[in-house]
Structures are given as structure tokens and as C-alpha cells.
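Visitor: Could you take a close look at one helix and then place it in the setting of the whole chain? I would like the criteria spelled out as you go.

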Amino acid sequence: LSFTWAGFIAAMASNLAFQGRNVLSKHIMSRPDLAPHERLGGIDMFCLITFMALPALVAASLVLEGAAPAAAALATPSV
């Protein structure tokens, strides 16, 4: 095993992201100012977080990998 600062920082960023997701979902799901039928359930919250993460991940992918892998994936015929 070897230790690298890049790996440690990535692990800490991952921990912060997961904890932020948990706090955000708990806050949104338990808002007292909404009627019970207006609150988000577990499945709705999962859908909302997934749709919020998609633009961030696409942007990070384009910045880190460039447009060439995306263009190659789109040019590949589907199965």
C-alpha cells in the first residue's frame, strides 16, 4: 500500500459530497412549511438528486476528458 495526497483529498471530497447529499435530502424531505402531500418522498428525492448531478458530471467529464471520448461514444453504433 502506498499513500498519496491526491487519493486522500479525493476520498475526503467524496465524504463531504455524500454527507452534503444526506443533509440536503433530510432538509428537503422534512420541511415543516409544506403539507404532507407536497413533501418529497425517498424516490422523488433520489430522482431530484440524480437530475441535479447529471449536469455537474457531464461538465466535469468534458473538462477532464475533453470532447473526443464523447464524440467517439456518439459515433459508435448502438447494440
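Guide: Helices are DSSP runs of H or I with at least four residues, strands are runs of E with at least two, and both are numbered from the N terminus. On that basis Ser25 lies in helix H1, which covers residues 5–29 and also holds Trp5. The model is a predicted one, in which local features need pLDDT of at least 70 and side-chain atom pairs count only at pLDDT 80 or more, while totals for chains, interfaces and linings use all residues. Residues are numbered from 1 along each chain as its sequence is written, and side-chain values use heavy atoms, with hydrogens and water left out.

The two residues of helix H1 named here contrast in accessibility, where buried means under 20% relative accessible area, exposed over 50%, and partly exposed in between, with a 1.4 Å probe and protein chains only. Ser25 counts as buried because its relative accessibility is 13%, whereas Trp5, at 59%, counts as exposed. The C-alpha atom of Ser25 is separated by 9.7 Å from that of Gly41, a residue 16 positions away along the chain.

Trp5 also belongs to a nonpolar surface patch of about 580 Å², made together with Phe3, Phe8, Ile9 and Met12. Patches are made of residues with over 30% relative accessible area and no salt bridge, nonpolar side chains (Val, Leu, Ile, Met, Phe, Trp, Tyr) being joined within 5 Å and like charges within 9 Å; accessible areas come from the Shrake-Rupley method with a 1.4 Å probe, and for residues only the protein chains shown count as cover.

Beyond helix H1, a salt bridge, defined as a side-chain nitrogen of Lys or Arg within 4 Å of a carboxyl oxygen of Asp or Glu, joins the side chains of Arg31 and Asp33 at 2.8 Å, N to O. The count by this rule comes to one. Of its partners, Asp33 counts as exposed at 55% relative accessibility, and Arg31 as partly exposed at 32%.

As for the wider setting, the protein chain has three helices and zero strands, in the order α-α-α along the sequence. Its radius of gyration, taken over C-alpha atoms, is 18 Å, well over the 12 Å that the globule rule (2.2 Å times the number of residues to the power 0.38) gives for 79 residues, so the chain is more spread out than a compact globule. Of those 79 residues, 3% count as buried, and the chain exposes about 6800 Å², with carbon and sulfur atoms supplying 73% of it.
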